[in-house]
Amino acid sequence: MITKRLFVLIMMVLPHILMAQQAEVLIPKSIGLIKKASNKAELFVAITLPFTDEKLDVDYYRDHPNDKPLVSLAYKGEKPKCLPTLKIATGANTINVIIGNLTEETVDRFLEKENGLSLQFDTDIRFKYGSNNVYDRYGMITKTEANQLIADQLAFPADERTKFMTMLNTMYYYKNKVDFGVQPAQDSGKVSYTLSLDFQNIYKKSSLLKCETDSGKSGIKVYYGLSSRLSTNAKDTLNFLKVYPLIFHTSKYNSAFPYDLDLKIGHESNQVFTNRRVSADIAITTLIPNLVDLTSTESKRLRLKPILGLGFKGYYDYSKGINAFMSGQAYLNAYYYIPVYDRYAIIITDKTFYDFSKERNPKRKVMSTYSVTVGTEIPGTSFKVMVKYEDGKSDINYTEGRAVVLGLIMNLFSQKAK
Amino acid sequence: MPLLTREQVKGIVLEALTIIADLPDDPEEAPFDQLQEAHKRIFLTALADNINQYPYPGGGCYYDAPLTMDSFDNWTIVADCIDEVFENQVVVCE
């Protein structure tokens with residue numbers, strides 16, 4: 001009986017003894033910190049192996065779990081309030097430690113010298129690799145080598161932390177953009193210049209990361225924001241200025257009905273503040289199916305689905321020269337980019353609204369303001385030459401406005417690196 | 001050899017892309033530069049979910065790829081997105 005058990009034990013241990021003898025000790029090519037901010041927020045510590053044509057056997061840790069390297073998080077000072085998770089992942093030529101369950105504290109302390117958190121390998125990194133789908137070689141990086149690499153070459157400086165938090169922020173809420181335009185003279189008027197601006201930012205960046213054990217923490221994030229269309233012609237009826245000190249935002253993208261849900265509380269006015277109100281505005285935004293196809297059969301362009309928002313706004317109107325009153329508006333927002341053949345495009349934006357007040361909407365009419373932009377791209381640049389026609393009644397001053405704007409659309413916050 | 005082939009990655013990317021757009025016959029060559037933030041967020045979440053949920057042969061592991069909203073800066077056309085996921089995919093065995 002004892003002999004049988006001894007035999008089984010030897011058979012279990014033997015492969016590891018043989019592997020330890022056969023494993024080639026390799027010196028890593030490099031180490032890097034890669035950010036993930038999509039369906040999860042994670043940091044990948046990636047150790048790249050000095051391979052040319054070889055690739056790792058990515059099944060190895062499933063088939064030999066005892067050879068999976070052990071890693072831990074060492075910390076100086078206080079124990080982190082929320083402990084991160086550590087997982088080992090294998091790429092074609094990388095061994096990765098995925099650090100998950102991140103909080104703002106973990107991000108702030110990771111790899112810091114003072115009160116910092118650092119990653120360490122507690123065992124050697126053993127792996128199997130080969131070429132042409134034949135995995136017949138064993139390799140190893142000693143834990144001493146790996147830990148020295150982490151100490152010497154892995155860094156997470158302040159600007160990279162900020163960049164990571166910004167990546168998370170853009171995953172939830174990001175509408176920052178600036179558009180400039182020139183409005184040609186109408187009749188005997190002067191040429192005017194317009195500036196359209198949208199800007200939002202989060203109050204508390206810690207709300208972008210949530211400890212998995214902190215089940216009571218809400219998924220709602222709080223922002224502040226500014227939206228405006230300003231012109232050198234201050235009396236232009238299409239001008240507006242909207243300031244929102246409080247924007248509550250939540251979203252769900254991984255469902256059959258992906259949406260953003262926003263509640264905005266703030267102040268809305270025209271540029272000269274003669275029309276003004278305090279407002280609370282709730283809206284849901286989603287995508288709807290395409291309505292037209294103006295591309296050719298040879299076209300290689302994506303036909304992006306229109307973005308549709310439905311909302312309701314309650315407001316207290318205290319405009320100049322009227323008795324203040326409270327009322328509300330139901331509205332629909334739409335944005336539709338329509339590719340036309342290979343190089344042209346039409347962009348339609350619309351806000352259709354119904355105001356419930358007898359002061360602002362005595363005829364009980366549905367009103368709208370819309371713009372149609374026809375443009376073409378300048379090849380090799382991020383600029384788009386366009387002619388923009390705006391028409392309709394502004395939802396702030398309820399005055400009919402019409403404008404043709406010539407100019408460049410330039411999305412300063414999301415330009416592609418060329 | 002259970003790392004995803006480029007053809008499998010292409011299928012995953014296009015499945016996520018159909019949530020936000022109708023695709024041309026040759027979607028790999030389609031420019032990736034007119035997406036609004038809402039399109040990007042929905043596509044990126046769907047893509048990351050699709051990668052994680054793609055069945056791993058034999059089970060016990062799942063696929064992953066580190067993507068962010070900044071990844072769009074590297075993608076001039078859809079093929080760039082497919083290539084990035086293909087080259088940076090990892091396997092996590094639990």
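Which residue in β3(B) is the bridge partner of A:T90? I looked this up before anything else, and found B:V91. I note that the model I am reading is predicted.

**Entry 1: the strands that cross between chains**

I followed that bridge outwards to its two strands. Strand β6 of chain A covers residues 85–90 and pairs with β3(B). The pairing is antiparallel and runs over two bridges. I reminded myself that strands of a sheet pair through backbone hydrogen bonds, in either a parallel or an antiparallel way.

**Entry 2: the contact between chain B and chain A**

Next I looked up how many residues take part. Chain B gives 56 residues to the contact, and chain A gives 56 residues. Together the two chains bury about 4,600 Å², and 58% of this lies on carbon and sulfur atoms.

I then turned to the charged pairs. Between chain B and chain A I have a count of four salt bridges. One of them joins the side chains of B:E94 and A:K87, with 3.2 Å from N to O. For polar contacts across this interface, I wrote down 20 residue pairs, both residues being at pLDDT 80 or more.

**Entry 3: the side of chain B that touches chain A**

I asked which elements of chain B supply at least two residues each to this side. They are α1 (6–20), β1 (21–22), α2 (37–53), β2 (61–64) and β3 (90–93). The largest share comes from α2(B), with eleven residues. Sorted by class, this side of chain B has 32 nonpolar residues, twelve polar ones and twelve charged ones.

**Entry 4: a sheet in chain A**

I moved to chain A and found an open sheet of four strands. Their order is β1-β10-β9-β4, and the pairing is mixed. Why is one side of β1 (24–25) and of β4 (55–56) left without a neighbour in the sheet? Both strands stand at the edges and each has a single partner strand, so one side of each has no neighbour there.

For β1(A), I looked at the pairing with strand β10 of chain A, residues 134–141. These two strands pair in the parallel sense over two bridges. In β10(A), the residue opposite A:E24 is A:G139.

**Entry 5: confidence**

Last, I checked the scores. Chain B has an average pLDDT of 93, and 99% of its residues score at least 70. Within chain B, confidence is lowest in α2(B), at a mean of 93. Helix α3 of chain B, residues 78–88, is where confidence is highest, at 97. For the complex, the predictor gives an ipTM of 0.95 and a pTM of 0.84.

Note on methods:
Residues are numbered from 1 along each chain as its sequence is written. Chains are lettered from A and ligands numbered from 1 in the order in which they are written. Side-chain values use heavy atoms; hydrogens and water are left out. Contact means heavy atoms within 4.5 Å. Buried area is the accessible area (1.4 Å probe) that two parts lose on being put together, summed over both. A polar contact is a pair of N or O atoms within 3.5 Å; within protein, one must be able to donate a hydrogen and the other to accept it, and residues adjacent in sequence count only if both atoms are side-chain atoms. Ala, Val, Leu, Ile, Met, Phe, Trp, Tyr, Cys and Pro count as nonpolar, Asp, Glu, Lys and Arg as charged, and the others, Gly among them, as polar. Two strands pair if DSSP finds at least two bridges between them. pLDDT is the predictor's confidence in each residue, from 0 to 100.
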